[in-house]
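User: I've got a model open and I'd like to learn how to read it. Can you walk me through a few features?

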Amino acid sequence: MILLWHSSSTHGQGIEQAISPGAQERDLRVDSIAATHAESAGKVSVSRFGGTVSPEDAAVTTRYRSSVRVKLLIAALTASLIASSLVIWQREKVIESTRKEREDRDRSISRLLALESSEMLDADPDLASLLAARAFRVSPTREAETSLRNAGALPLAHRLTGHQDAVLRLAFSPDGRVLATAGGSADGSRAVRLWDTASGRTRATVPYAPENLVQGVVFSSSGETLAVGQSDKTVQLWDMATGHPHSAVTLDSSGIDAADFTPDGRLYATSGSHRIQVWDTATGRLLSSFRHPTDALVVGIEFAPGGHTLATTDNDFKTVRLWDVDRGRLRTALTGRQDSVSAMAFSPDGSALAVGGSSSVVQVWDTTTGRRRTALTGNQDSVDAVAFSPDGRTVAAGGRDNVIEVWDSTNPARTTARKLNRPHTTLTGHAGGVTSLAFSPDAGTLASGSDDHTVRLWNTPVGRTISRSRNFVYAIAFSPDGRTLATTAGAAVQLWNTRTRRLRATIGAQENGVDAFAFSPDGRTLGVASDDTVRLWDTRTRHLRSTLTARQKGVYSIAFSPDGHTLATGGGDHATRIWDTGTGRVRATLTGHQNSVGSVAFSPDGRTLATAGDLTVRLWNMRTMRSRAVLEYQLGLDGDTKVAFSPDGRTLAGSADGVVWFWDTATGQPQRSRSEGLGTIASQNGTIMALAFSPDGHTFVTANTDRRTRLWDTATGRLRSTLTGHTGPVIAMSLNRDGRTLATASIDHTVRLWDVGLPALEKTIAKICRSLGRDFTADERATYLSGRPSDPTCRQDMKTS
């Protein structure tokens, strides 16, 4: 070791010396060197042990000695620094190795958790969502990102806890902002809970007597009053502004076995002692009373909208009776093909009644004729809850299999059983049987109560109608900035403001109608094809810029290159023409298809053009104008092919009939394995009419003649969600540039806008945590996170809801 200290010489000068066991020997060598130097300069010899020296020689000796000592000190310090640096380097190397090992371990754990999440997403979506969030936070691997996106796309909005028994009653306020829920006889909270539907938080509780059972809850049409019917023959009316009861009505009834309010809360029907009675909710005045035709106990009552019809079922559980409330008479009895009845719901117009029971099948009856319209299958156990959406387009049913099935019920009077019997959405997550269901007034939320003592709020996508036309819309496209949606239903193109949903302008009127159109990449030009002509219009001034005469026996498809300098048109002459948009001249004519070219698309870099026709797809080199690949895989048995490039240009999707194939654009080979992405996806019914990739490439969208639009995960091929609402086949669609809004057009003469964007991944974790309102349980942590840090997965996310 080298020690440094500070000493003072006899001349009062401070000097730093390096002392080691050989210091004296070095001093002697220094003196010897100094003496030799002095003699060579003609000076007197000097000795360490005596003799006289001149002041000049002494100064030389002192300076030389100091110089040597400084050099020795620097050498020693340099050696120490090198040794220390070596130690630090070795330590950093160990740290880097340890960090790499930890990152490799975290990536492996992340992939394992993501795999667990993907495998249980259908069976246990709550746990799957937490595992996906944990996987991403352990390490943001590609697998973790995929599982997190799929979990974030689940429709659960909130999981509401607080009841201590099955939740049997649900009611939305007229504006949909409040949900009232009531539990069963074992609910120790003894209160109706009022929830804020946006945040999922409890707003207030409405207490009731411990010995009572809530038999009905409903909001007044104004939303100012909440009526709570109780088994002690009272109806309490609560002021929603103050949260206090403003009156209570006692009914002059011998007893109440079952009860129901009209949807607006005006009337309250009760059953007891084999009689059915209808009361004025506000005054408690008896309006109507009629006897049940048998001595059976009436155990179920359901009002039709308007309050003129009442459905009842008794404890023989086989028959549903429809009553004329105004006359107090039996209208008809619904019998046959019906097992024990445990749930009933009228359609909004009262023309249909959905009935659920022990058979797991939901029967839909025509209330006018008394005949069965159809049977809805999907549940695997008894159905204990059914509900129609307010627009009448959807039927939901839940039961003892803990699952909610959702069907498209569009115009059930003219829909066959074959089309209705397959649910389009299955909602899983409840840990107990589903005991109650209710749609929000805007049909955008479905509430479900369960034996697991929870209420869940599910997002049920509802497209906003942007236009209704006399003829059906068959082509649509967003402008590049997303502010305008172009549509056509025949003679011209309409430009709509996507924010206000109002018509801004009409452009490109054609005597023979519009066949196809497309925006230029900068949005300043709209190319409109009609017969053999393509006209380029200025979208700002709506003036015609130029006219391209194609002579293609009709132009059926049109696309601008990414730089806007080139236009491709596919025609009925089996050829594709390439135009210079500046000069309006044809640069090349691409031939090879044996049928009309119904779809053209440029790759994102503009180097490749895909053309589709005759159930084949051709890839063209845009520099040489030569075909570089022919994709001959059978896309379908019939129909025009459609094509779309992925945002990175590595994948091409092509569809015909009900199948979509995906190819690697570099090799021209179909993608078949998971490592390559999607292989094929198939529509359940009908023909795929339009397809598109989302701008981030994570989602693939298909529009179908079965009236549904589907969103798929591109990494796994998993169906993320199904959009329903159109009453006719969906024949066109367009995604805006940010991927958050989807426009769909149908032969039902409407265009709808849908919110389909997924939040950023960190925001997705926050959404999951807010929706579930919980973290891993001790058992879940022990099973899936054993040996891992016990820090919470949701952190503060549940508190920010």
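User: Let's start with the contacts in the chain. Among those between residues at least 6 apart in sequence, what percentage join residues at least 24 apart?

Analyst: Keep in mind that this is a predicted model. Of the contacts between residues at least 6 apart in sequence, 43% join residues at least 24 apart. For the overall inventory, the chain has seven helices and 58 strands. Buried residues make up 52% of its 801 residues. About 37100 Å² is exposed, with carbon and sulfur atoms supplying 48% of that area.

User: How do I read a helix, say α3: is it largely enclosed or not?

Analyst: Check its span, then its burial. Helix α3 covers residues 125-138, 14 residues in total, and reaches 20 Å from its first C-alpha to its last, close to the 20 Å expected at 1.5 Å a residue. As for burial, 13 of the 14 residues of α3 are buried, so the helix is largely enclosed by the rest of the structure.

User: And sheets? What is the strand order in the open sheet of four strands?

Analyst: The general idea comes first: strands of a sheet pair through backbone hydrogen bonds, and the pairing can be parallel or antiparallel. Here the order is β24-β25-β26-β27, with antiparallel pairing. At the edges stand β24 (383-388) and β27 (425-427); each has a single partner strand, so one side of each has no neighbour in the sheet. On average, neighbouring strands of this sheet are turned by 20° against each other, direction ignored.

User: Zooming in, how many bridges join β24 to β25?

Analyst: Five bridges join them, and the two strands run antiparallel, with β25 spanning residues 394-399. To find one pair on screen, pick Val-386: its bridge partner in β25 is Ala-397.

User: Now backbone angles. Which sign does phi have in Ser-360?

Analyst: Some background: most residues other than glycine have a negative phi. In Ser-360, phi is near 75°, a positive value in a residue other than glycine. You'll find Ser-360 in the loop between β21 (352-357) and β22 (362-366).

User: Where is Asn-402, and what is its phi?

Analyst: Asn-402 sits in the loop between β25 and β26 (404-408). Its phi is near 70°, again a positive value in a residue other than glycine.

User: Last one: why does Ser-360 count as buried, and why does Asn-402 count as partly exposed?

Analyst: It comes down to the cut-offs: buried means under 20% relative accessible area, exposed means over 50%, and partly exposed is in between. Ser-360 has 15% relative accessibility, so it counts as buried. Asn-402 has 24%, so it counts as partly exposed.

Definitions and conventions
Residues numbered from 1 in each chain as written. Predicted model: local features only at pLDDT ≥ 70, side-chain atom pairs only at ≥ 80, totals over all residues. Heavy atoms only, no water. Expected span 1.5 Å × (residues − 1). Buried < 20%, exposed > 50% of the residue type's maximum accessible area, 1.4 Å probe, protein only. Pairing = 2+ DSSP bridges. Axes fitted to C-alpha atoms, helices over the stretch in contact; angles between N-to-C directions. Contact = heavy atoms within 4.5 Å. Areas by Shrake-Rupley, 256 points an atom, 1.4 Å probe, with all protein chains shown as cover.
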